[in-house]
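Good morning, everyone, and thank you for making room for me today. I would like to walk you slowly through a few places in one structure, so please keep the picture open while I talk.

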Amino acid sequence: MADNLSDTLKKLKITAVDKTEDSLEGCLDCLLQALAQNNMETSEKIQGSGILELFANLLAPQSPCTAKVANIIAEVAKNEFMRIPCVDAGLISPLVQLLNSKDQEVLLQTGRALGNICYDSHSLQAQLINMGVIPTLVKLLGIHCQNAALTEMCLVAFGNLAELESSKEQFASTNIAEELVKLFKKQTEHDKREMIFEVLAPLAENDAIKLQLVEAGLVECLLEIVQQKVDSDKEDDTAELKTASDLMVLLLLGDESMQKLFEGGKGNVFQRVLSWIPSNNHQLQLAGALAIANFARNDGNCIHMVDNGIVEKLMDLLDRHVEDGNVTVQHAALSALRNLAIPVVNKAKMLSAGVTEAVLKFLKSEMPPVQFKLLGTLRMLIDAQEAAEQLGKNVKLVERLVEWCEAKDHAGVMGESNRLLSALIRHSKSKDVIKTIVQSGGIKHLVSMATSEHVIMQNEALVALALIAALELGTAEKDLESAKLVQILHRLLADERSAPEIKYNSMVLICALMGSESLHKEVEDLAFLDVVSKLRGHENKSVAQQASLTEQRLTVES
């Protein structure tokens, strides 16, 4: 065989130059046969023979041998070590040209060859995108949708190219959405639909394509799949149900596509998604709750949904998942409630519906994603003084918050816990709440929150601490001292990078601390007058004014 192969390669070199078609075709057949028997060894021989360089000239659109040459390239490029030699031999450009061929076999082998050469190489795939293969392949899919092999080749190519961000804009300028939905509707086999799903998922990450897919009728196809598969126990059906409902949720992440499907809360799609929440299928419960969280991305939708009873549905769902519940469902339902609680008009309605009680059942959760959403939901709800006071006096809640303020492995949970502690004080302005927080050891966390890298969190902490100093300084005095609050305030005022509102609230807090003998002494020891007097000339009028007031206070008290 080795001798035959060497002879074939020598003969091919001659016939490739002469282009004697009969001999050429015979040589190509022999090569394909050898590749079928031992692909790697044959590929090594082909590389060593220098024949690849001649292939670029053999990829002529009119030649009867073109499909076979492309087939040989596709076969050798299955080997990783052959891909760069194929690129170096200049094969990509003539192969791309061949995608305009009318011959289906040429198209199929060309697609295979390009796919194998560029397999797993983002730089080569990007080169193909720049050469305009996407519009060409989309056109091919439309023309040859009856040819199963060609359709599959296009889908594999789309799946690979769609992973690249640079491809999304080109895809969005074609009618890919329409073609894929048309193709999807024809498919009855699970495997074929799965192939299309694998292309749809990365494409649907692009907002323009989301809208195109919605307009092309993909959502109706997805809803139909859900309806067909929901009661099935078959593994394939369960997998397809998950893929279809996940994709549905992904389409709702685009603002335009989401609003189009909401249709003022009267749309068929919105109603169908609502029916998933009370379902007994965890995947549908999850997708339903996530879909509601996505619909709840603007105030109008949130107000409409709360007025139409969505909160009760979500609370019922959470109730089914309190004991040994499904964490992803808990997380999704809490996400939806958090978003719904953002509009001011919804807060009181949600409080009276009992949302805080429903949410507090998950205080014992050990899952950070659930903890994070639980905290966010409560923080959104407690703008009202009464609600903040009620929650702030809940010892179990406050103790859990203080514990989570130390969750260094979970920055989100830690940040939200600090913010909720501060919010309970700021909104309740209650001595009882402050006492509960002091007794639970929360003061040190509020002090360290004042040094956060986020200005909004620093500010929330300083305002809460000023309320503590104004209402319950005696109770909190020792904790404020041991947390080194005065030194931190000195640092914030001396730091030129501190935002104006941070400087302002730090000075307000300094004045409030003067009522404590030990803290007053610390202020004097640190020579605050020097730092404060410099701020009288600050460009921000409020800061300059507060600096004058603070300076007077410090002078009088010294």
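Let me begin in the loop between α18 (255–262) and α19 (268–276), where you will find Glu 263. Please keep in mind from the outset that what we are looking at is a predicted model. What is the value of phi at Glu 263? It is near 45°, which is a positive value in a residue other than glycine. As background, most residues other than glycine have a negative phi.

There is another residue of this kind further along the chain, namely Ala 527, whose phi is near 50°, again a positive value in a residue other than glycine. Ala 527 sits in the loop between α35 (517–525) and α36 (528–534). Is Ala 527 buried, exposed or partly exposed? Its relative accessible area is 35%, and because partly exposed covers the range between 20% and 50%, Ala 527 counts as partly exposed.

Let us now turn to helix α11, which runs over residues 148–161 and has 14 residues. From its first C-alpha to its last, α11 reaches 20 Å, close to the 20 Å expected at 1.5 Å a residue. At the N-terminal end, α11 is capped by Asn 147, which places a side-chain oxygen 3.1 Å from the backbone nitrogen of Ala 149. Which residues of α11 are buried? They are Leu 150, Thr 151, Met 153, Cys 154, Leu 155, Ala 157, Phe 158, Gly 159 and Leu 161. If you look for what covers these buried residues of α11, you will find several other helices, including α8 (104–117), α10 (133–143) and α14 (190–203).

In the loop between α10 and α11 we come to His 144, which counts as buried because its relative accessibility is 10%, and buried means under 20%. Where does the side chain of His 144 make a polar contact? Its partner is the side chain of Gln 104, at 3.2 Å. It may help to notice that His 144 and Gln 104 are 40 residues apart in sequence, and yet 8.2 Å apart in space, C-alpha to C-alpha. Leaving out residues up to four places away in sequence, His 144 also touches Lys 102, Leu 107, Leu 150 and Thr 151, and those last two, Leu 150 and Thr 151, are among the buried residues of α11 that I listed a moment ago.

A second loop residue is Gln 187, found between α13 and α14, and with a relative accessibility of 18% it counts as buried. A polar atom of the side chain of Gln 187 lies 3.3 Å from the backbone oxygen of Leu 183. Not counting residues up to four places away in sequence, Gln 187 touches Lys 192, Arg 193 and Ile 196.

Next, I would like to look at how helices pack. Two packed helices are described by the angle between their axes and the distance between the axes. The axes of helix α23 (residues 327–340) and helix α26 (residues 368–381) come within 9 Å and cross at roughly 20°, which makes α23 roughly parallel to α26. Their crossing is left-handed, and among the residues that meet there are Leu 334 and Leu 337 in α23, and Val 370 and Leu 374 in α26.

Compare this, if you will, with helix α20 (residues 282–295) and helix α22 (residues 310–319), which pack at an angle of about 145° with their axes 12 Å apart. Here the contact is made by Gln 285, Ala 289 and Ile 292 of α20 and by Ile 310, Leu 314 and Leu 317 of α22. The crossing of α20 and α22 is left-handed.

I will finish with two places further along. In helix α30 (residues 431–439) the buried residues are Val 433, Ile 434, Thr 436, Ile 437 and Val 438, and what covers them includes α29 (411–428) and α32 (455–482). At the start of α30, a side-chain oxygen of Ser 430 reaches to within 3.2 Å of the backbone nitrogen of Asp 432, while after α30 comes Gly 441, whose phi is positive, near 85°.

Finally, Ser 506 lies in helix α34 (residues 500–513) and counts as buried, at 0% relative accessibility. Which residues is Ser 506 in contact with, leaving aside its neighbours within four places in sequence? They are Leu 462, Leu 489, Leu 492 and Leu 493.

Technical notes. Residues numbered from 1 in each chain as written. Predicted model: local features only at pLDDT ≥ 70, side-chain atom pairs only at ≥ 80, totals over all residues. Heavy atoms only, no water. Helix = DSSP H or I, 4+ residues; strand = E, 2+ residues; numbered from the N terminus. Expected span 1.5 Å × (residues − 1). Buried < 20%, exposed > 50% of the residue type's maximum accessible area, 1.4 Å probe, protein only. Contact = heavy atoms within 4.5 Å. Polar contact = N/O pair within 3.5 Å; in protein donor to acceptor, adjacent residues only side chain to side chain. Axes fitted to C-alpha atoms, helices over the stretch in contact; angles between N-to-C directions. Parallel < 35°, antiparallel > 145°, perpendicular 65-115°, else oblique. Left-handed = near helix turned anticlockwise from the far one by under 90°.
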